[in-house]
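Trainee: I'm new to this one and would like a close look at a single part. Could you walk me through it?

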Amino acid sequence: MHVYSYKNTHTNTHTYTLPVMCSQAKTTLVHLRKDADAADDELQDIADSIAAESSAHGNWSNYFVDPLTRKRVAIAVVLQSFQQLTGINVIMNYAPSLFSDIGFHNTSLLAQAANGVVNFLSTFIAFFLLDKVGRRSLLIAGGVIMTLAMALLATLGTMYYDITSDELSSKVAGWACIICVFLFVSGFAMSWGPVVWLIPTEIFPTSQRARGVSLSTAANWTWGIIVGQFVPRLQTLLNFKLYFAFA
């Protein structure tokens, strides 16, 4: 069996050997590459990558002490935090209640289903645009769409909400609010939805990726819990004015 080894440049040793499964991996690679030498080279690259990742994790403190790593952590954590603070889960989780407030009492669940379809289809826009326009441009474009949609939703809701009937007094304003919700969800699904999960996996080197992404994901869930706990109370207190905060 061919031995695939990795030389550790820090300790100047070369003790890293892949197990017997290498033979199975090589068989698969030879089948794919049609070249035994190319399969050997690729397996050696895989061995080097695994060994480098295993020997270079470092301590958790490095993620906060090393300036470059700290910058990566800050970018990933801020992006994941702002993903929650866009208000997407407020819309997605409480959409039936929102649609009822707009005036669609009997069709709120149907409107929510349509909202889900918009979310699903808009995700494909990111697939086509991600590498063409870049991550930053897509985040900016999506942010502008979401800001305008949320601001208009908050404005129309505040202007036309009737406390007595517990819904908007204008059907036209109601339909406009529905469109704003769909635009917001579409803007999120094509930008801050998929891109924010992608960037943390790209900015960390292999040796730091698992822990770096785990930190950013923890930030996302932390803000998700905070939003989930406080939004229902704020909705009762502020009603449509709440959406100005997310705009």
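Trainee: Let's take F124: is F124 buried, exposed or partly exposed?

Mentor: Keep in mind that this is a predicted model. F124 comes out as partly exposed, with a relative accessible area of 34%. That label fits because buried means under 20% and exposed means over 50%, with partly exposed in between. Now look at the ring partners of F124. The rings of F124 and F127 have their centres 5.5 Å apart and their planes at 90°, so they make an edge-to-face pair. These two residues sit 3 residues apart in helix α6, which puts about one helical turn between them. F127 itself is exposed, at a relative accessible area of 56%.

Go the other way along the chain and you meet F120. F120 and F124 are both in helix α6, 4 residues apart, again about one turn of the helix. F120 counts as exposed too, because its relative accessibility is 51% and the cut-off for exposed is over 50%. As for aromatic pairs, the structure holds 2. F120 and F124 form an edge-to-face pair, with 5.2 Å from centre to centre and 85° between the planes. Put together, F120, F124 and F127 make one aromatic cluster.

Helix α6 (108–133) also has another side to its story: it is among the elements that give two or more residues to the largest nonpolar core. That core has 42 residues, and among the members touching the most others are I91, L98 and F184.

Definitions and conventions. Residues are numbered from 1 along each chain as its sequence is written. This is a predicted model: local features need pLDDT of at least 70, side-chain atom pairs count only at pLDDT 80 or more; totals for chains, interfaces and linings use all residues. Side-chain values use heavy atoms; hydrogens and water are left out. A nonpolar core is a set of buried Ala, Val, Leu, Ile, Met, Phe, Trp, Tyr and Cys residues joined through side-chain atoms within 4.5 Å. Buried means under 20% relative accessible area, exposed over 50%, partly exposed in between (1.4 Å probe, protein chains only). Rings of Phe, Tyr and Trp (its six-membered ring) pair if their centres lie within 6.5 Å; planes under 30 degrees apart count as stacked, over 60 as edge-to-face and the rest as tilted.
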